[in-house]
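Biologist: I have a model open and want to learn how to read it. Where do we start?

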Amino acid sequence: IEKYFIEGGKGSKPYKPIPMWQMVPSQDLLEATVLGNYCEVWLAKHEDDGTPIDGIVGINCLTKIQLPTIPSLYGAMYGNADYVIMGAGIPMEVPGILDSLENHEDCKLAIDVEGSDTAHYTEFSPKKFWAEAEAKGGAGAKAAATRKMQRPNFFPIVASVVLAQSLLKRATGKGPTRGIQGFVIELPTAGGHNAPPRGFRYDAEKKSHALSLNDKGEPIYGPKDEVNLDRFRDAVKGLPFFLAGYYSRPEKLQEVLSIGGAGIQVGTHFAMSHESGLLMDTKKQIYDLVQNGDVEIYTDPVASPTGFPFKVAQLEGTLFEKERYESRPRVCNLGYLRHAYMKDDGKIGYRCAAEPIDDWLKKGGDIAATVGRKCLCNGLMADAGLPQTSPFKREGEDERYVEERLITAGDDVNHIRRYLREMEDGSIGYTADDVLDYLLGRFKEEYNSELNLYQDADMAEDPEVKKELVNKKKELEGKIAEVDEQLAEAKDEAVTPKA
């Protein structure tokens, strides 16, 4: 904090750089990562004055970002995270890592190194971490490795029955479900990264993937990419599962519950709400568009350096615009999506197809792989109002380039128009409560409507009929009370949803 915090804000100056991740990170980088994840969870679990909130908090990590995974999980666990959710890859080793971190035990994670047939690992030792922190002046830090930890529930994000079965069979965690407590089934209509269509593989050099694109240039999803929910329910043997991707509607929630699911994951609708961390200017831009038409969402097969399709909102003034993207001075100064590769000298290097093209080529990359690649690291930080000031200038400009937004949203973003209303300050918008009222309140409406049919149940003359009608009336009253309780709990837990 002493190194990076600037009283009063940084102004137009760039953020101080944090070291980029490597197989063996520095102690400073480990401390920044552990502390950052701890703070995110702690802040979500407390009011601004430090008062604890009685709610549930989870952390969502991208499996493709491998190197920071273990210290990120450790920091989140130190903040008492209740859930860990991971997608964009297959998090096979994470359940075992969570088991180890619960007891402050050493652990390791296999790292993909392009061009190498040898197994490579990044390692993390909680006891060594705290010992080095104490050696740097953190008095009593070693004692932190004795603190009792809460192991969070682990929910991998999957897009097929086969992947869920594989995780339950091969994941490294303890117990009959291999350290997995549930699943999120994410469909290709969800925002952010999507699982690629079955058999789809982006090939920059041969362009073989072009045969699997529609006339807009988006990946084509078909029947093989659909998830049979009855089969999924049977395959996960009683574990809870949630649906994501175009499921933020009462009838879809009811559909999930009726087949034995636990609920739905709501992303885009909360991301666009008043309380989220997305820039208010972006939300206002989207509100204006959905009031007067539709926001177009493009599933970009090449934007993400991860190789996964990525949803991009077609908004003016963002890097979706081709001219804006092409005039952006390329730079790799955050490096979250860099991947490891084996250099000719036998050492491990790091590269990203969205970095400066000359740098990519010097590292042995193919120029075709740079076409259309966007810097998600800087774009998504700008979305949250934290744009980095580049060391470079846009051609023809005198000032250093300030990173611009790259907005992601699910295909159902236009459904937020049902929530829009005049806020207390006179602006147009909506809150997280409005979303919850719509999703859960519809159940109450239906139950109340049905309850009206049984208002005269006590007046039935036949004792058996009367008993049946009264029991049905009580059942509906119980369901209404249950929805009221769910609404109260959901609102308590979603007071400050973050995008």
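Modeller: Start with a cut-off: a residue counts as exposed over 50% relative accessible area, and as buried under 20%. Keep in mind that this is a predicted model.

Biologist: Is Phe5 buried or exposed?

Modeller: Phe5 has 54% relative accessibility, so it counts as exposed. Its place is in the segment before α1 (27-44).

Biologist: Which residues form a nonpolar patch on the surface?

Modeller: Phe5 joins Ile1 and Leu35 there. Together the three have about 330 Å² of accessible area.

Biologist: Now the interior. Which residues have the most contacts inside the largest nonpolar core?

Modeller: A core is built from buried residues. Here the largest one has 87 residues, and Leu101, Trp130, Phe183 and Phe232 have the most contacts inside it.

Biologist: What is Phe232 in contact with, leaving aside its neighbours within four places in sequence?

Modeller: Its partners are Val158, Ser160, Val161, Ala164, Phe183, Ile185, Val227 and Phe241. There is also a second, separate core of ten residues, including Val312, Leu376, Tyr401 and Leu406.

Biologist: Let's turn to the backbone. Which residue has a positive phi of about 65° although it is not a glycine?

Modeller: That is Asn80. Look in the loop between α2 (69-78) and β2 (83-87). Asn80 counts as partly exposed because its relative accessibility is 29%.

Biologist: Where is Arg178 found?

Modeller: In the loop between α5 (161-170) and β7 (183-186). Arg178 also has a positive phi, near 60°. Its relative accessible area is 31%, so Arg178 is partly exposed.

Definitions and conventions
Residues numbered from 1 in each chain as written. Predicted model: local features only at pLDDT ≥ 70, side-chain atom pairs only at ≥ 80, totals over all residues. Heavy atoms only, no water. Core = buried A, V, L, I, M, F, W, Y, C linked by side-chain atoms within 4.5 Å. Buried < 20%, exposed > 50% of the residue type's maximum accessible area, 1.4 Å probe, protein only. Contact = heavy atoms within 4.5 Å. Patch = residues over 30% accessible without salt bridge, like charges linked within 9 Å, V, L, I, M, F, W, Y side chains within 5 Å. Areas by Shrake-Rupley, 256 points an atom, 1.4 Å probe, with all protein chains shown as cover. Salt bridge = Lys/Arg side-chain N within 4 Å of Asp/Glu carboxyl O. Helix = DSSP H or I, 4+ residues; strand = E, 2+ residues; numbered from the N terminus.
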